[in-house]
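Colleague: Please take a close look at a single part of this model and go through it piece by piece. A plain, connected account will do.

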Amino acid sequence: MTEEQLPPWLSRAAGPGQPDFTDTLGRTRILRRTMAGKVRKAAVLVLFAGDPAGDPAAPGGLPADAEVLLTQRASTMRQHRGQVAFPGGAVDPGDDGPVDTALREAWEETGLDRAGVVPVTTLPELFVPPSRFDVTPVVAYWHTPSEVRVMDRGETDRVVRVPMADLLDPANRFLVRSALGYRGPAFQVDGMLVWGLTGGILAGLMTSLGWESEWDRTDVRDLEQALAAVGMVL
């Protein structure tokens with residue numbers, strides 16, 4: 001599959017009007033300016049599957065079978081335990097840029113066959129204060145989905161292909177806020193709370209690609225309570 005053959009409902013991510021994460025993740029950019037110490041590089045794979053023809057009648061042409069690949073980190077991990085994330089991780093010395101990092105990490109975490117993936121674009125780096133990572137989101141199309149599974153129980157509890165219809169359902173969308181001042185978009189799907197960096201990237205793409213329906217932006221929930229509702233902890 002060539003770039004010209006990418007599905008129109010996703011290829012627009014590479015054009016003008018890329019997501020602006022200032023509203024959802026801008027606070028982390030401000031924090032970076034005030035934090036001393038080394039910042040590490042990382043990349044995550046924002047991998048979408050679905051009928052390449054799309055659905056002209058749907059918002060943004062998104063097909064009914066569209067999915068995104070997510071993982072849930074092991075509850076025993078020191079950082080980000082139990083959190084829902086895109087496959088990804090730190091750059092290794094032998095990696096050939098963020099796309100290579102994202103694909104390698106996805107293979108290590110889920111067994112993904114990278115031959116079935118076509119990169120669409122890389123989004124601007126986003127800083128994650130708890131882990132001190134500059135993270136590059138790599139948006140990609142899964143034209144030939146392969147079997148995926150948990151490869152290391154010490155790192156990952158779940159590997160899930162989440163229907164975009166569930167994430168876009170207004171009943172599953174709200175905002176979360178924490179006592180420390182964090183405020184951002186969240187999604188409650190398949191017994192998981194998707195928030196933070198992952199939730200912000202998804203929300204930004206949904207808006208910029210015209211996929212979303214109207215949802216209640218006045219629904220703001222306490223982060224710890226929202227996590228507890230799905231058996232997760234902060």
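**A helix and its sheet**

Modeller: In helix α5, the buried residues (under 20% relative accessible area with a 1.4 Å probe, protein chains only; exposed is over 50%, and partly exposed lies in between) are G196, T198, G199, G200, I201, L202, A203, G204, L205 and M206. The model is predicted, with local features needing pLDDT of at least 70 and side-chain atom pairs counted only at pLDDT 80 or more, while totals for chains, interfaces and linings use all residues. Residues are numbered from 1 along each chain as its sequence is written, and side-chain values use heavy atoms, without hydrogens and water.

Helices (H or I, at least four residues) and strands (E, at least two) are DSSP runs, numbered from the N terminus. Helix α5 covers residues 196-208. Because 10 of its 13 residues are buried, α5 is largely enclosed by the rest of the structure. From first C-alpha to last, α5 reaches 18 Å, close to the 18 Å expected at 1.5 Å a residue (that is, 1.5 Å times one less than the number of residues). Just after α5, G210 has a positive phi of about 75°.

The helix lies across β9, β10 and β11 and runs at about 90° to β10. Contact here means heavy atoms within 4.5 Å; axes are lines fitted to C-alpha atoms, for helices over the stretch in contact, and angles run from 0 to 180 degrees between N-to-C directions.

These strands belong to an open, mixed sheet of four, in the order β11-β10-β9-β12. β11 (192-194) and β12 are the edge strands, each with a single partner, so one side of each has no neighbour in the sheet. On average, neighbouring strands are turned by 45° against each other, direction ignored.

Strands count as paired if DSSP finds at least two bridges between them. Strand β9 (residues 173-177) is mostly covered, with four of its five residues buried. Five bridges join β9 to the antiparallel strand β10 (residues 183-189). Across this pairing, L175 stands opposite P185, and V176 has G184 as its bridge partner. Five residues lie between the strands of this hairpin, where G181 takes a positive phi near 105°. To β12 (residues 220-222), β9 is joined by three bridges, running parallel; there R177 stands opposite D222.
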